[in-house]
Amino acid sequence: MLGGLGHGLFFLGAVLVWSVFTLQDVALTGLRQAVWVPVNNLVFGLVKMGLLVALAGSLPEGGIFVSWVIPTAIALIPVNFLIFGLQVPKHVRETAGEARPPGLREMGRFLAGDFPGTLSMLAIVYLVPVLIAARVGEATFGRFSMAHTLGCMIELLAMNMAISLTVEGSFDRSRLAANARQALKRALLIITPIIGVACLAAPLILAVFGSEFATEGTTLLRLMALAVLPRVLIEVYLSSLRALGEARKLAVVQIGLAALVLASIMALFPSWA
């Protein structure tokens with residue numbers, strides 16, 4: 001599908017659009033306007049699903065990809081206006097004389113640790129399915145992928161909640177410990193019932209996609225849901241390190257976790273597949 005200059009340029013543009021779209025959520029959270037993040041993603045999700053249905057017949061091969069790209073590109077205009085036209089000026093007025101923007105050297109030191117660490121964490125989410133897909137058939141991978149996707153959705157909730165801790169900790173480091181305890185408490189209060197529902201109703205949730213999904217994916221979904229509990233603690237710790245600017249510790253923890261997960265898969269998959 002990506003063969004040729006035109007298709008390649010379209011894909012490159014789509015990557016750039018998606019990158020900006022992803023950064024918008026973080027920017028809104030950094031401006032203490034995280035309430036807009038679920039609104040933005042809800043509207044995006046509804047438009048995406050509508051386009052997916054509309055394009056299923058006319059674009060049977062590229063419909064899924066196009067249904068992601070078009071609403072993402074459309075969302076950039078109003079959300080960028082919200083950020084740069086309204087929230088950034090408001091934030092500048094409210095923090096005038098209080099906030100000191102970081103310098104290039106300070107940002108460089110932070111990115112030097114956070115960027116490779118973040119790539120390592122993304123490898124856990126996106127590289128693991130690739131490793132599995134290379135070792136099982138299409139049908140088995142399809143059932144694995146659905147359970148894995150649902151489990152990652154719960155995990156992303158924990159990760160997004162921890163971003164707010166980084167923001168508040170950066171504004172007032174003297175309250176970082178108290179904010180970390182509050183973030184951990186609130187995250188567990190919200191996520192624990194979701195994990196409970198996922199574990200109890202896993203067969204019913206997966207049965208929506210077919211009986212084979214429920215038969216082969218129930219255990220995986222339950223394990224991934226339970227794994228979110230320690231992940232909440234890890235994400236709170238990582239957010240605290242970001243607020244403190246501890247880029248080296250941040251990289252060590254993230255790279256170490258990714259290496260442990262990937263090495264465990266390579267070692268255990270042959271006997272547990």
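Which helix provides the largest share of the lining of the second largest pocket? The tour below answers this on a predicted model.

**First stop: the pocket.** Select helix 7, residues 211-244. Helix 7 supplies 11 residues, the largest share of the lining of the second largest pocket. The volume of this pocket is about 1200 Å³. Next, add helix 4 (104-133), helix 5 (138-171) and helix 8 (247-272) to the selection; together with helix 7, these are the elements that each give two or more residues to the lining.

**Second stop: the centre of the pocket.** Display the side chains of Val128, Phe144, Leu220, Met224 and Ile265, which lie nearest the centre among the 31 lining residues. Colouring the lining by class will show 21 nonpolar, 6 polar and 4 charged residues.

**Third stop: two packed helices.** Two packed helices are described by the angle between their axes and by the distance between those axes. Keep only helix 5 and helix 7 in view: their axes are 8 Å apart and meet at an angle of about 15 degrees. Because angles under 35 degrees count as roughly parallel, helix 5 is roughly parallel to helix 7. The crossing of these two helices is right-handed. The residues of their contact comprise 20 nonpolar, 9 polar and 7 charged.

**Last stop: an aromatic pair.** The model has 3 aromatic pairs. One of them joins Phe141 and Phe144, with 6.0 Å from centre to centre and 35 degrees between the planes, a tilted arrangement. Select both residues in helix 5: they are 3 residues apart, and therefore separated by about one helical turn. Phe144 has already appeared on this tour, as one of the residues nearest the centre of the second largest pocket.

Definitions and conventions:
Residues numbered from 1 in each chain as written. Predicted model: local features only at pLDDT ≥ 70, side-chain atom pairs only at ≥ 80, totals over all residues. Heavy atoms only, no water. 1 Å grid on protein atoms, 1.4 Å probe; cavity = no way out; pocket = protein on both sides within 12 Å on 5 of 7 lines; lining within 4 Å. Points joined across faces, edges and corners; volume = space filled by probe spheres on them. Helix = DSSP H or I, 4+ residues; strand = E, 2+ residues; numbered from the N terminus. Nonpolar A, V, L, I, M, F, W, Y, C, P; charged D, E, K, R; others polar. Axes fitted to C-alpha atoms, helices over the stretch in contact; angles between N-to-C directions. Parallel < 35°, antiparallel > 145°, perpendicular 65-115°, else oblique. Left-handed = near helix turned anticlockwise from the far one by under 90°. Phe/Tyr/Trp six-rings, centres within 6.5 Å; stacked < 30°, edge-to-face > 60°.
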